[in-house]
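Let's take a walk through a protein model together. Have the structure open, and turn it as we go.

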Amino acid sequence: MTVAQLTAEIRRKQTFLCIGLDTDLDKIPAFLKNTEDPLFAFNKAIIDATHDLCVAYKPNTAFYEAYGSMGWMALERTIAYLEESYPNHFTIADAKRGDIGNTSGRYARAFFETMSFDSVTVAPYMGRDSVEPFLEFEDKYVILLALTSNEGAFDFQVLPAPQEALYLQVLRKTREYANADRLMYVVGATKATFLKDVREIVPNQFLLIPGVGAQGGSLEEVCKYGLNNQVGLLVNSSRGIIYASGEEDFAEAARIKAAQLQEQMSAILLNSKI
Ligand SMILES: O=C(O)c1cc(=O)[nH]c(=O)n1[C@@H]1O[C@H](COP(=O)(O)O)[C@@H](O)[C@H]1O
């Protein structure tokens, strides 16, 4: 899926919501746990209940890797189901990878070829040759960590390096990478005011914004500083949507939470005339 198609879907559906599939066996409803593939059964129900309210899904691979081959199989089934049933949704493998070039190339193959994700999250710490192998794939995107939502982001990401904060240098430097048009960036919703500086360096790139919902970030603040004239945002919520209920009504409860965010997004798009 291309960025142009993603933007068209955002406009058509009036939503830039990404739903995080951080599917945790300890949190899913008890009645699903005895089924043959509980992680996939949960994901399928959430996806079927919310697909018209969002434009993207982001499984975080940690939640699947934690269960070994059973978890990885559920991840494969989830991406295959999305590709088959909802091919107009943008898919993000939240894997936060990045290694020497030779190894990054294998990670890229895992997520873009063996599985058919549209994008993968990548840590920029190892620099150009750790990121560029991911950028070689046509119509596939790399979402680079710029300023993350957690408290520890202040340990390194904002340090002067030396002229400006490291996360701003990450943005500036990576614009020079081969196929930089396939780069998107992560900025945490908990750091919404920083988006002003981010947008000065990357006015046109898509930003993935996690941290509304369970982490307390504000959608209004994110939009105030982060929207561009093509929208340019994917705002993710995981726990705040998928664990709205731990009972049999979990999928309907997730739909209600997703609908609340979609309505707010639709109103923001209308007011800002984007
Ligand atoms: O790359 C990410 O998606 C990510 C970056 C970041 O800075 N903060 C962050 O929370 N995330 C991920 O976004 C999701 C947030 O989940 P909730 O806090 O439950 O909405 C988790 O999968 C996190 O790993």
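Start at Lys-96, which sits in strand 3, residues 90–97. Keep in mind that this is a predicted model. Why pick this lysine? UniProt, in an unreviewed entry, lists Lys-96 under "active site". Is Lys-96 buried, exposed or something in between? It has 17 other C-beta atoms within 10 Å, so it counts as partly exposed, given that a buried residue needs 20 or more and an exposed one has 12 or fewer. Setting aside residues up to four places away in sequence, Lys-96 touches Thr-121, Val-122, Ala-123 and Leu-145.

Now zoom out a bit. The same kind of record, again an unreviewed UniProt entry, marks residues 16–254 as "domain: Orotidine 5'-phosphate decarboxylase". That span is 38% helix and 18% strand, and its end C-alpha atoms lie 16 Å apart.

Next, look inside. In soluble globular proteins, nonpolar side chains tend to be buried together. Here, the largest nonpolar core has 82 residues, and Leu-17, Leu-144, Ala-146, Tyr-185 and Val-235 have the most contacts inside it. Strand 5 is the top contributor to this core, giving seven residues. Take Leu-17 as a sample: beyond its neighbours within four places in sequence, it is in contact with residues including Leu-53, Val-55, Val-235 and Met-265.

Helix 8, residues 166–174, is a nice one to rotate. Its buried residues are Tyr-167, Leu-168, Val-170, Leu-171 and Thr-174. Looking down the helix axis, you'd find them within an arc of 155°, so they line one face of helix 8. The spacing helps you picture this: an α-helix has 3.6 residues a turn, so residues three or four places apart point the same way. And what do the buried residues of helix 8 pack against? Their partners are helix 6, strand 5, strand 6 and helix 9.

Over to Gly-226, in helix 10, residues 219–226. With 21 other C-beta atoms within 10 Å, Gly-226 is buried. Its contacts, leaving out neighbours within four places in sequence, are Leu-195, Arg-199, Leu-207, Ile-209 and Leu-233. Arg-199 is 27 residues away in sequence, yet the two C-alpha atoms are 6.7 Å apart in space.

Finally, find the ligand. There are 19 residues around it, and Thr-148, Ser-149, Pro-210, Ser-238 and Arg-239 come nearest. Strand 8 (233–237) and helix 11 (239–242) are the elements that give two or more residues to this shell. By type, the shell divides into three nonpolar, 13 polar and three charged residues.

Technical notes: Residues are numbered from 1 along each chain as its sequence is written. This is a predicted model: local features need pLDDT of at least 70, side-chain atom pairs count only at pLDDT 80 or more; totals for chains, interfaces and linings use all residues. Helices (H or I, at least four residues) and strands (E, at least two) are DSSP runs, numbered from the N terminus. Two residues are in contact if their C-beta atoms, placed from the backbone, lie within 7 Å. A residue is near a molecule or strand if its C-beta atom, placed from the backbone, lies within 6 Å of it. Ala, Val, Leu, Ile, Met, Phe, Trp, Tyr, Cys and Pro count as nonpolar, Asp, Glu, Lys and Arg as charged, and the others, Gly among them, as polar. The arc is that of the directions from the helix axis to the C-beta atoms. A nonpolar core is a set of buried Ala, Val, Leu, Ile, Met, Phe, Trp, Tyr and Cys residues joined through C-beta atoms within 7 Å. UniProt positions are given in the numbering used here, feature names are shortened, and annotations may be inferred rather than shown by experiment.
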